[in-house]
Structures are given as C-alpha cells and as structure tokens.
Amino acid sequence: MNDLTPTREQRTAALEGMGCKRKRVEDARFTQGKGNYVDDLKLPGMLHGDFVRSPHAHARVKSINSEEALKVPGVLAVITAETLKTVNLAWMPTLAGDVQMVLADGKVLFQNQEVAFVVATDRYAADDGINKVVVEYEPLPVVIDPFKAMDKDAPVLREDLAGKTSGAHGPRKHHNHIFEWTVGDKDLTDAAFRKADVTIKEMISYHRTHPSPLETCQCVCSFDKIRGELSIWGTFQAPHVIRTVVALIAKIPEQKIHVISPDVGGGFGNKVGAYPGYICAAVASIVTGKPVKWVEDRIENLTATSFARDYHMTTEIAATKDGKVTGLRVHVLADHGAFDACADPSKWPAGFFNIVTGSYDFPTAHLSVDGIYTNKAPGGVAYRCSFRVTEAAYCIERGMDILAQKLGMDPAELRLKNFIRKEQFPYHSALGWEYDSGDYHTAMKKMMETVDYAGLRKEQAAQRAAFKRGETREIMGLGVSFFTEIVGAGPSKNCDILGIAMFDSCEIRLHPTGAGIARVGTKSTGQGHETTWAQIIATEIGIPADNIMVEEGNTDTAPYGLGTYGSRSTPVAGAAIAMASRKIKAKAQMIAAYKLEVHEDDLEWDIDGFRVKGLPEKTMSMKDICWAAYNSVPPGMEPGLEAVSYYDPPNMTYPFGAYICVMNIDVDTGVYKIRRFYALDDCGTRINPMIIEGQVHGGLTEAFAIAMGQEIRYDPEGNVVTGSFMDFFMPTAVETPHWETDFTVTPSPHHPIGAKGVGESPNVGGVPAFSNAVNDAFSFLGSTHIQMPHDYWRNWKAAKSLGVFAA
Amino acid sequence: MIPGPFSYHRPATVADAVKLLSTLGDEARPLAGGHSLVPMMKLRLATPEHLVDLHGIDGLKGIRRDGNRIVIGAMTTQAELLASDDIAKSLPILQEAALLIADPQVRYMGTIGGNVANGDPGNDMPALMMTLGAHYRLEGPGGGRDIAATEFYQGAYFTALEPGEILTAISVALPAAGHGYAYEKLKRKIGDYATAAAAVVLTMAGGKVVSCAIGLTNLHETPLLATDAAKAVIGTSLDAATLKKAAAAAEAIMSPAADARGPVEYRKHVGGIMVTRALQRAASRAK
C-alpha cells in the first residue's frame, strides 16, 4: 500500500456501477445528430411504399381502380387485398387472438384504414400514385359511441365473424362483442356491498389517446431472392417476436429472417405490435426483388397505428362509515376499435387490469370487462404503462377520492387507513396477484411531510373562502395519487406472447484485456440501456461500465428476448444480466483460485476482483482474470470467459409511489396552472438515479398531457378530429410543469438485484394525480367526478355547470 | 404529408414576381415564410404548380420611418420585428403579439407579410393591423395601390388581393405618445392558434378613455374590429359595468367555429374575457 493505491471508494467509483449517476453513453451520438434510425437507412435500388387510406369510418369497398396510378412516372405496383390473397396475407393474426385486415377486404372499418399500398421509386411518386387510385365506397352506418355498440340494432361491424359465438377469450354476447373477462369472487363482493355502511358508484372514463413517439412506425424490408433471406429493419420494441411472427405467417425459415431494430425514437407501446405497413413492405420486396421502405407520417401514426386506453369503468366501492374499504366492484366497457389488436400477454384480454385493487387491502373484489368492436382504429397498447395498469390505477385512485368525499374524510387519510401494511407482504390481492414488497405508509408520509400537506389544505380552505366571498376567481386543488404498478411480464406460468414464454436474456463475452460485450434480448427506445446494463455488469463482475459495450436489437446476434415494454426490461432482462454476470464470476473465481494457488472457498469478492480471505494483499483483479481466461485456465477448464442467461421471473415486481399535484384553475377561462408536482417513486434498487429521474420527468410529462388534454377524438361520423399535433395535445417545454422527484427504496425480494422497474410509473401515477387535483378543486362546489381530459374548455364547462357564473 | 409536384421560381424584383404570378396564373402562389402554405401543400389541400419565392427580393425587407408612419417590408420576419428598436419604441404591441406567435424557429421563418396576406383567421397580425388602422401596399400587373387593413379581409383565405398582386409593405401611423396597448391571447399551447385573442390600443386622459380600438383574432372567418365595444368604453374609467358592456358588445359580433379548442359558446365567452383583460392591461399602460 502507498499513496497511489486507490482507496475502496475510488475503486468503486471507477466502475461506475449501480447507484452511479453515469452519463448516458448513447447521448454522444443522439445529441450530435449521429443516431441511426430506420429512415436513415438507404439501400441501393430502394423503393418506397405508401398507403391509400379510407376516408370513411365504415363503408363497403365496391371497387379499386389502379389504372391511372400505374401510369404515374415512378409508380411500379399497387398492392390490394386481392394481391395479398395470392400469398394468403390479406388478413393477419393479432397479438390478442383476433385477425386483422392488412388491406381492406370488401369493407373498411375505421377512418384511415389501409386500402391499397402503392410502391414507387420515391416517396413523392408513391404519393402521386395514391392520389390516382380510384376507390369506390358505399358508406355504411357507423358505431362510434361504445355504449351503443351492443344495442340490438347496432350495425354489424365484423362480417367475417358472422356465426362465431366465441372468440379467443370465450363466448361472445353480441355481434360487436369481443370477450367478457371476469376475475374475483362475485358473491362475496355482492355481500360486502349489501352489508356496507357507505358505497360509491361512478362511471369513470379513461379516454382514448395515443402514445405518439416522435419517430413514427417504419421499416425497410429487403428480400434476397438468391439466398431466400428476408431482412427487416424496423422500429420494433420486440424484434425477436417480429421475427417469429414473420416466420409463422410468411413461411420463411426463421434463420433466414433478419430483424434489426436500429436506434428507435421512442416507443411507449406504439411499436410493439405488427402493422399492415410491415406486411406490405415485405410482400412488396418479395414481389419486386428490391428493398422497400415504409415510413408512417404523423397523421397516419395518430389515426391508424395503436391507440391507447378507451376504458369506461363503472367503479363501486363499499366501506364502513369510518372509512375502511370492504369491497370493490368494477365493470369495464373496453372499446377496442375495429379489430382486437391489443398488445397484451396472450392469456390477458384486459391486460393486468386486475391490479385495480391498487395499494389497498380490499378483502374482496370483483371485476368484469367487456371488450367491444367500434369503427375506430385498432390497438389498445400499453402507453408507457404495464398492460392496462394505468387504467386500473386511474380507476381506483379516482374511486378512493370519491369515497373520501362521500365520507367527508381527507383523501390522504383514507389512503393511509386502507394501505396494505408493510408486514402483509408478500400480499395476496383479492383479484389474484402476489405483491412482492412495499412500504406504502412510509412513502405516503414522506410525501405529505415534504410538501407540507396540512399547510396546503389550510391554504386551500382559505382560497375557497375567498372564492365564496368573490375575492378571487381561482380555485385550488390538491391531487393525491398513490399507485402500485405491476411490471416485469412475466413468469412463464401465466405470461406468454403467441405461446412464447415472457423470459428475457443476456449474453456476456469478456475479452482478454478486461473489456467485453453484452447482448440483451430487450431493445432500448430511449431508456438508456447501453448505459444502465453496463452498470449492472460493472457492479456484478468488477469491470468498469465504460469497458462494456451493450448491444441490442439485432436478432442474429442478440439472444432471444421478448423486448422492451411494460417496464419489463429491468425486472426481466436486468435479472438475466445479473445472472449471466454471476455465471462469469463463478468461473472467474475458479481461475483466480488456480492462479493464487488457494481453494475457491478461500476467496472473497472485493469490488473489482477476488482476494484471499485474511490476506488482503493477495488479490487478483477481474482485469487480470480476463487475461488469464485466455492463456492459463485451470487444467480441464475450457478457455474463455462468457455466459448466457435466460431469466424466467418467479413473480412480477410491484413498484409504487406517492404523488401530489397542486393546481389552480381560473373558472372564467378554465385555464389551469400547475403550481407544484411532487413525485416520490419506489422502484426498489436504483441502478442509475439520473436516468430514473429522466424517466420520471418523461412519464410525468406524458401523464400531464393525457390528463389535461391529449385525446384521440372522433366525431359522430367517425372522423378523427385530433389527427395532427395542431389538435392532439403534445406539450412543449413551455407548458410542462416543473417536476420535483423523490424516492424511497424497498427492494424486490425475488429479483437478483432487487430492482423493480420505473419507466412507466410516472405515467401510471401521474394521470390520477392531475385528474384528482382538478376534481378536488371543483369538489367544494358540489361535483363528484369530472371526466378527463381536463382541457381549458372542459374546466370552464364544469365551472359553468356548477353555477359559478350565476348572476 | 408529401406535396404534389411544383416548379420553383425565385425572382429578384417585385416587378419580376408580379410578372411571373400574372403569367403563370391561378396555379402560381407566392411563397413567403411558408408556414401556412407549405403544410397545406403537404396535405395536398393546396397544390400549386408554381411557387414564386419572394426571399430573393431585397426590396421587400426592412423597417423604415416615413414621416409619422412606420413602413414594414412584407418579407420582414417576426424575429426581425422583435429585434427592431424602432418597433419597440413606437409599436410595442407588434412585439407583444409576435412573441405569442408559435416558437422561435417559426418566428425566424414566418413573415409579417405572409401573416397578414394569407387571410387565415387564426393569424394574429391581421386583427392587430385593423386595430392600428394599418394600410397594405399591393403591387400588381396594373401597378400599385394602397388598401386599408379593414377593407382587406373578405372571408377565410379570401382577401382583396387581385390575381397577380403581391402585398409588399405594411404602413402604420404612429399611435399617440403614451398610448396604452395589450394583446391578450388564449391558446392551448405554444404553436397553437388562438382560442380567442383581443388587441386593444387606447389613449386615456384624466383616468377616462379618450380613444380606443379593439381587434379580435380567430373569432370569425375574418379578423374583426369590435367598434361597438370600443365605443362603449369611450369616456369611461373602465368600471366593471362598462367592461361587461364592452365584452358583451364584442361577443355579439363573434361567430367562431367549434373545434378542439372548444365549443362556440366557450370561444365567445373567453373572447369576451380577452377583451376585458386587454382593456384593463392597456389602460394600466396608458400614460
């Protein structure tokens, strides 16, 4: 030892492992415009495809005439359903067990549905061609209001399902019905309601919106006729699943399909599913023998690929008069649009909506969900949330506020009274989940102390009194939200996609000089995996994160994984990374023991290498072990230092958090001002606090957008009226409030590093916080529930209906 | 979102531009900042065969004094307007409004001429020009002419421009020293058109309004001058009853469309509030 010997702190810091606010390594290219996205790809001879889309929400397609389009210079082909039928691809399976038209086959079922695919030498020619395709439509009556979809005389939307009395998830009750899904004990729950002192019932709608990543969905397909190989570069959140789906439906051997997700500019669930553009580009490439690019524009993205939410939740809570909840009953009318293309694990038609009991100890609950068809775009993706979890969190968090109001209790107090207690974990919920860990009271109290909750309530009381005296036209609301997420899909016992268990994977290879590459089955769409995955490895095996290259998204090189969505990357792939690291560490220990001439058991791990117990100066660093792995391994051992792990999680993880929003609303204009937003997240072990903070900022911004104005709205004829960023609310930095973030740490007991996942929590917890703030602001005027989104004119309308403009 | 085919022309003089526009006829459109025309072309709602780009014409740039008037070249960008000391001193309401137009990128490209000439009811400058009593200079195949802003707007995207004519400059008489002004704009977000907006220019003496003009943006298919509302405040100290009367008079002439910004009733209601707030703020600034 001398002054130059690094201290333990210095050695730990040099690794930039878990807990370090390591700068994002991918940002070097992103901030300099050097990312490599699908649309950056230009292959020799590449053609461009674009869609003719339906102006009608429901119409019979009488004829499609491509004659004039084919005369446009540069236009090479016009593909229709008739063309696709020759290769049996006019329809495709959806992830939810339904089928979906690739191109209009006889009729169209939503506005902007894909009708024909024009292939041309450039994008301009393709668009010129689109304008020359003549489609003759016979408009049909539309179903837009989900509450009218199952009327007796409602128009029949899916003629292809005529006579089918059951679907992928059981019996169908009506020609526009998809499935009914029930969970929980109905009799017990009904009994709880009969005995209850107090009950509430409210229809709480979570409107249709859209994930709207800045990069739209796109792909380049290139079929090599000589080799019989199909290469697909695409904006895929789950490239391996895409490869398998293509193999199954296109009958190309899976090893001859190469799926590559390059840099992806945001996903938020929008890029999980398979879309007609992918199929058409692949078919076009096979037909023409040339690479074909398809790039969605903004309007197409908002109106045709994968909406989110559109859940209409009739919520009932039973409670004692002193505020102890005794039962929860929820019925959901789920508007799935024209095809059931929800991206959920196969056995879960309403995702994990049965997390709807939230953070509360409900002795009994019953849930039923009816999925229905309407003349709207298909989708139903998890927009920055685990499957239908944000809908569930909104449902219960609004419900608890409504109950508090009825009881005359403070909403925070009601929550504290009903939380699952720390000692109850692992906790079995009434609707079938096993919550892994939590400490809700601590988180809630920390939130309340930090923001001076009692002080805020006092201020609100004063503000209300002043409003009543006519001294101000502003009202003040406090929006409390305490959410429990369920992420990390998922254990093979109950989670699969098209029969493939939802494990994830990691392969690590260390090189002789103490560096390495890690390939992972997930795909970052902005989460910073290249940074954080290396940090896990750094801490696990003592190689500096800077020396680990992380690679994802190429199905030829990455081990099979189920991709990135539902906050599953850290809970599942993060675990696989730790487990692969530990395999490496076990072999490294054998090498070190051999080199140090001691027994393996005499070694202990020490930050970045092994040392002999009791002899701290006798050490071997991982760097040296890497070198030894390639020249002097113990006799009988294979050289090299690499490992692969496929991780099947034993359970989901359950991140949680306590949020509060403080908001003022000007009743004369409906204009709101977010005065304060505090978000405390507990995501278990924290890998990179800076990235967590960034994730929370992003998710809260989306939650703010959704709650305060972002919607996909249809007029009664089925026209989308919010189909561009002029009308679809996408907040800029100017509208976005300041975020205060905080945390507690309750590790997951079953995850190798105790991490739970965080990317989606803020969207899940944020929406109810905003909505509760608006509702809380108006509550003293006599309202119980105002539907989202809470944009200016709707706030004004609420104020008006509550009589604040009375003379 | 891909425009149809078009030819591109870049004349160097107003005369050349006028000549091009009149020879090419209906299928030619002048291109200024492009923030209205180009999106329309991408949606193929506009499919001009020829674009006559005015950026090469030096004579259309610049802000100058002409006696007691300020003359602003049509190709002056919103950013240049914001950077001008002359405007800051004599027509500060233009800067207040320009800052509410979209974002810096748009303001670097968007021109004041394009803003007023396109006839888009959502644009902010037309109502302001009516409020200020501005005149537009038009150059066409038959020569030049001046037209009052109040005479220029005929309907949504319909203006007094004749075929082949270009709006080359805006001329505004300097408002009285010590005038009060305000542009109140309610919008959902940066980059949005106004849900409702009101411009007020007034003078006060002894706590009473001496003169007043009120303009309204995006509350009708054309910008509006709310003359009855303005009359209602003359001679008053803008007491609550007067403000209510003025707002009601303004609302009476509004006929906005229902859109994602809100239903007709809401847009008129907040239109009235914008008038009230603009009057109060303008009065507080008047010396």
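**Exercise 1. Work out what holds chain A and chain B together, starting from the salt bridges.**

*Solution.* Start with the charges: 5 salt bridges are counted between chain A and chain B. Keep in mind that this is a predicted model. For one concrete pair, go to Asp128(A) and Arg44(B), whose side chains form a salt bridge with 2.7 Å from N to O. The cut-off for such a pair is a Lys or Arg side-chain nitrogen within 4 Å of a carboxyl oxygen of Asp or Glu, and 2.7 Å fits that.

Next, widen the search to polar contacts: 11 residue pairs turn up between the two chains, with both residues at pLDDT 80 or more. Now see which helices of chain A are involved. H5 (123-130), H9 (298-304) and H19 (792-801) each give at least two residues to the side of chain A that touches chain B. Sort the residues of that side by character and you get 12 nonpolar, 3 polar and 12 charged.

**Exercise 2. Find how much area is buried between chain A and chain B, and which residues of chain A lose the most.**

*Solution.* First count the residues in contact: 27 come from chain A and 27 from chain B. Then take the area, which is about 2200 Å², with carbon and sulfur atoms giving 61% of it. Finally, pick out the big contributors in chain A: Met726(A), Trp793(A) and Trp796(A) lose the most area to chain B, and together they make up 24% of what that side buries.

**Exercise 3. Lay out the sheet of chain B that contains S11, S12, S13 and S14, and say which strands stand at its edges.**

*Solution.* Write down the order: S11-S12-S13-S14 of chain B, an open sheet with antiparallel pairing. The edges are S11 (180-186) and S14 (224-225); each has a single partner strand, so one side of each has no neighbour in the sheet.

Then zoom in on one pair. S12 (196-205) and S13 (208-217) of chain B run antiparallel and share 9 bridges. To check the register, follow Ala199(B) to its bridge partner in S13(B), Gly215(B). Last, add the helix: H8 (125-132) of chain B lies across S11, S12, S13 and S14, at about 155° to S13(B).

**Exercise 4. Do the same for the sheet of chain A with the order S28-S27-S26-S32, and place the helices that pack on it.**

*Solution.* This open sheet has 4 strands and mixed pairing. S28 (548-552) and S32 (641-647) of chain A are at the edges with a single partner strand each, so each has one side without a neighbour in the sheet. Ignoring direction, neighbouring strands are turned by 15° against each other on average.

For the antiparallel part, take S26 (504-511) and S27 (515-520) of chain A, joined by 6 bridges. Here Arg509(A) sits opposite Ile517(A) in S27(A). Now the helices. H14 (529-541) of chain A touches S26, S27 and S28, making about 130° with S28(A). H16 (622-629) of chain A touches S26 and S32, and its direction is at about 105° to that of S32(A).

**Exercise 5. Locate two cis peptide bonds and a positive phi in chain A.**

*Solution.* Begin with Phe425(A) to Pro426(A), a cis bond with omega near -5°; Pro426(A) is in the loop between H11 (411-418) and S21 (427-428) of chain A. Move on to Met788(A) and Pro789(A), also joined by a cis bond, with omega about -10°. Pro789(A) lies in the loop between H18 (761-779) and H19 of chain A.

For the phi, go to Phe268(A): its value is near 55°, positive in a residue other than glycine. The loop between S15 (257-260) and H8 (276-288) of chain A is where Phe268(A) sits.

Key. Residues are numbered from 1 along each chain as its sequence is written. Chains are lettered from A and ligands numbered from 1 in the order in which they are written. This is a predicted model: local features need pLDDT of at least 70, side-chain atom pairs count only at pLDDT 80 or more; totals for chains, interfaces and linings use all residues. Side-chain values use heavy atoms; hydrogens and water are left out. Two strands pair if DSSP finds at least two bridges between them. Contact means heavy atoms within 4.5 Å. Axes are lines fitted to C-alpha atoms, for helices over the stretch in contact, and angles run from 0 to 180 degrees between N-to-C directions. Buried area is the accessible area (1.4 Å probe) that two parts lose on being put together, summed over both. A polar contact is a pair of N or O atoms within 3.5 Å; within protein, one must be able to donate a hydrogen and the other to accept it, and residues adjacent in sequence count only if both atoms are side-chain atoms. Ala, Val, Leu, Ile, Met, Phe, Trp, Tyr, Cys and Pro count as nonpolar, Asp, Glu, Lys and Arg as charged, and the others, Gly among them, as polar.
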